[in-house]
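The following exercises concern the structure shown below. Each consists of a task and a solution worked in steps.

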Amino acid sequence: MKLPCLLPCAAALLGFQIADAQSVATSSIPRLEKRGQATQLIVDGRPFLILAGELTNSASSSMEYMAPYWPRLTAANMNTVLAAVTWELVEPEPGKFDFALVDGAIREARRNHLRLIFLWFGSWKNGVSSYSPLWVKKDQKRYPLFLPENGQPLTYLSVFKEANWQADARAFAALMRHIREVDGDARTVIMMQVENEVGCPPGSRDQAPESTAAFNAPVPGALIGYMAAHKDALVPEFRQYWEAAGGKTSGTWAEVFGNKPMTNEVFMSWHYALYLDKVAKAGKAEYPLPMFINVDLGEAMGEYSGGGALPIQLNVWQQGAPSIDILAPDIYLPNFAEWCARYHRSGNPLWIPETRGDAANAFFAIGNHAAMGISPFGIERSADASTPLAQAYGLLAQAAPEILAAQAAGTIKAVSLNAQHPTETIQLGGYSFAFSTVRMRQPPPPAAGGGEGQPSSYAIVISKGPDQYLILGSGVQATFNGPGPSAAAVGKLEEGAFVDGRWVPGRRLNGDDIMLNYDAQNKFIRNESGQGIRLSGGPPKAIRLQVYGY
Ligand code: DGJ
């Protein structure tokens with residue numbers, strides 16, 4: 001049965017091609033595919049590197065507000081925008097749908113050569129149910145709320161009530177059906193985020209009777225059976241938590257995991273996962289775009305929402321929500337590299353839907369963790385062609401085919417250096433590269449306006465053969481060694497750019513431009529080869545290098 005639409009002609013007015021389920025070729029729908037060592041997003045049949053930004057929460061509720069921003073996003077070298085679609089605006093009355101804003105976002109994205117990832121602000125946004133429609137909010141008897149230990153309900157829909165997930169899943173399915181109808185051919189929309197940073201107060205558990213009954217019942221076989229059969233594949237901290245409670249393979253939640261606040265979080269994670277799986281599954285039945293959830297991070301209990309897909313809960317979420325393809329961290333915390341590693345494991349590909357606009361982090365995640373992409377938050381406020389992020393995106397976009405092929409082949413590495421971590425040696429393709437932050441032979445002129453703090457130093461290195469490399473980066477220099485114990489020097493070095501996917505060489509670099517060893521007086525240190533590569537700070541550049549051992 002087709003659900004009624006408040007704007008039945010919207011798609012036709014916009015000139016969209018209406019595609020029915022049968023006419024959307026399944027093979028052309030954006031999908032995730034394991035290619036060699038990486039899981040990649042395939043769009044229009046080819047791997048796609050997501051160079052994105054996420055709009056502030058309310059931006060996409062007004063096309064007038066958004067109007068000036070679309071071209072700025074394109075000018076800042078983005079290829080994708082993450083935009084909220086809210087349940088309250090999509091289903092203002094039960095069963096009556098309004099997709100005008102969805103259509104508007106698709107139309108503007110196309111006009112500005114951008115793809116879209118929609119964020120479904122349905123039952124929860126940051127744990128709270130503020131985006132559920134008013135008819136849901138007001139009818140708490142039908143759509144019950146989370147009941148904490150003190151008995152005062154929170155404005156969070158309860159995961160234990162069937163009416164809640166049924167209503168959310170119905171709306172999400174209607175949204176996915178609409179996207180298939182208006183976008184199944186053009187594929188402007190490439191992924192969906194299901195809900196937003198779900199979770200409840202740390203260490204707590206819903207006191208609804210269904211929750212208490214489930215907590216006192218045996219841990220479901222779907223979870224405990226998996227744990228028992230795949231002990232060695234569990235994330236170590238989850239396995240340790242289970243084993244510290246005795247490693248039992250049957251029993252209630254408290255018996256299996258111990259009677260502790262963290263056990264409440266394991267239990268709530270499982271039940272959030274079951275709920276989100278039902279919503280995602282209903283949506284995929286209409287249009288099976290890749291789907292992910294985003295995660296509010298923190299180290300200690302109390303610094304994040306309980307029940308979210310924190311690193312310790314990865315296996316719980318993966319078993320509870322097979323329709324969710326990616327558990328994606330929102331990385332605002334400073335130890336970016338550690339968070340990347342915690343989410344790039346257990347078969348989970350790395351995709352970062354929210355973070356800060358940091359060019360070095362983008363290079364690091366893409367080069368070291370085969371990230372599908374990255375998306376700084378609040379992007380309409382900061383997008384500008386002159387920012388370091390825009391410059392980094394520009395180079396990543398040029399080199400995307402090389403990067404994606406190297407992710408699959410496992411022939412790519414990255415470094416991100418700063419005052420705390422000024423050097424790093426990487427081994428790739430037979431040679432090792434000793435990277436450090438760049439030392440300029442002539443001090444650079446002072447930055448206009450007094451400078452803006454520490455410049456970024458980062459690089460991606462791609463091995464292109466036994467002695468050939470493509471290096472992209474800014475603010476770094478490197479000497480090399482190998483193969484074996486031998487020293488190595490520059491055989492051939494050129495800067496250049498990719499134009500329509502083809503390498504177009506620029507200057508051939510030699511002489512001063514490959515000598516790295518000089519003293520405080522700017523004189524070369526004699527009797528040392530000291531050859532290497534140097535990528536000065538500022539907009540990142542691409543170089544191709546051939547080395548030889550001696
Ligand atoms: C994380 C949320 O997921 C976003 O929607 C937004 O609220 C940011 N926090 C704000 O920093």
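The structure is a predicted model.

**Exercise 1. The ligand site**

Task: Determine which residues surround the ligand, and state how the shell divides by class.

Solution:
- Step 1. The residues around the ligand are N57, K125, N126, N196, E197, N294, D330, Y332, E354 and F377.
- Step 2. Sorted by class, this shell comprises two nonpolar, four polar and four charged residues.
- Step 3. Polar side-chain atoms are then examined against oxygen atoms of the ligand. For K125, an N or O atom of the side chain is 2.8 Å from a ligand oxygen. For N57, a polar side-chain atom lies 2.9 Å from an oxygen atom of the ligand. For E197, the separation between a side-chain N or O atom and a ligand oxygen is 3.4 Å.
- Step 4. On its own the ligand has 300 Å² of accessible area, of which the protein covers 73%.

**Exercise 2. The faces of helix α9**

Task: Identify which residues of helix α9 (residues 221-229) are buried, and explain why they line one face of the helix.

Solution:
- Step 1. The buried residues in α9 include L223, I224, Y226 and M227.
- Step 2. Viewed down the axis of α9, its buried residues fall within an arc of 160°, and therefore they line one face of the helix.
- Step 3. Exposed residues G221 and A229 are carried on the face of α9 turned away from the buried side.
- Step 4. The packing partners of the buried residues of α9 are α10 (236-244), α11 (253-257), α12 (261-286) and α13 (314-320).

**Exercise 3. Two glutamines in strands**

Task: For Q193 and then for Q40, establish the location, the exposure class and the side-chain polar contact.

Solution:
- Step 1. Q193 belongs to strand β7 (residues 189-196). Its relative accessibility is 0%, so Q193 counts as buried.
- Step 2. The side chains of Q193 and N196 make a polar contact of 2.9 Å. N196 is also one of the residues around the ligand.
- Step 3. Beyond its neighbours within four places in sequence, Q193 contacts F118, L119, W120, F292, N294 and P353.
- Step 4. Q40 is placed in strand β2 (residues 38-43). With 2% relative accessibility, Q40 counts as buried.
- Step 5. The side chains of Q40 and Q407 are joined by a polar contact of 3.1 Å. Apart from neighbours within four places in sequence, the contacts of Q40 include R31, L32, E33, R35, P47, M372, L404 and A408.

**Exercise 4. E495 and S456**

Task: Decide whether E495 is buried or exposed, and then locate S456 and describe its surroundings.

Solution:
- Step 1. E495 is part of strand β18 (residues 488-499).
- Step 2. The cut-off for a buried residue is under 20% relative accessible area. E495 has 18% relative accessibility and therefore counts as buried.
- Step 3. A polar contact of 2.6 Å links the side chains of E495 and R507. Residues up to four places away in sequence not being counted, E495 also touches W503, P505, G506, L509, A542 and I543.
- Step 4. S456 is situated in the loop between β14 (431-437) and β15 (457-465). At 31% relative accessibility, S456 counts as partly exposed.
- Step 5. When neighbours within four places in sequence are set aside, S456 is in contact with D358, A360, S474 and G475.
- Step 6. S456 and L417 are 39 residues apart along the chain, and their C-alpha atoms are separated by 7.4 Å.

Technical notes. Residues numbered from 1 in each chain as written. Predicted model: local features only at pLDDT ≥ 70, side-chain atom pairs only at ≥ 80, totals over all residues. Heavy atoms only, no water. Near = heavy atom within 4 Å. Polar contact = N/O pair within 3.5 Å; in protein donor to acceptor, adjacent residues only side chain to side chain. Areas by Shrake-Rupley, 256 points an atom, 1.4 Å probe, with all protein chains shown as cover. Nonpolar A, V, L, I, M, F, W, Y, C, P; charged D, E, K, R; others polar. Buried < 20%, exposed > 50% of the residue type's maximum accessible area, 1.4 Å probe, protein only. Helix = DSSP H or I, 4+ residues; strand = E, 2+ residues; numbered from the N terminus. Arc of directions from axis to C-beta. Contact = heavy atoms within 4.5 Å.
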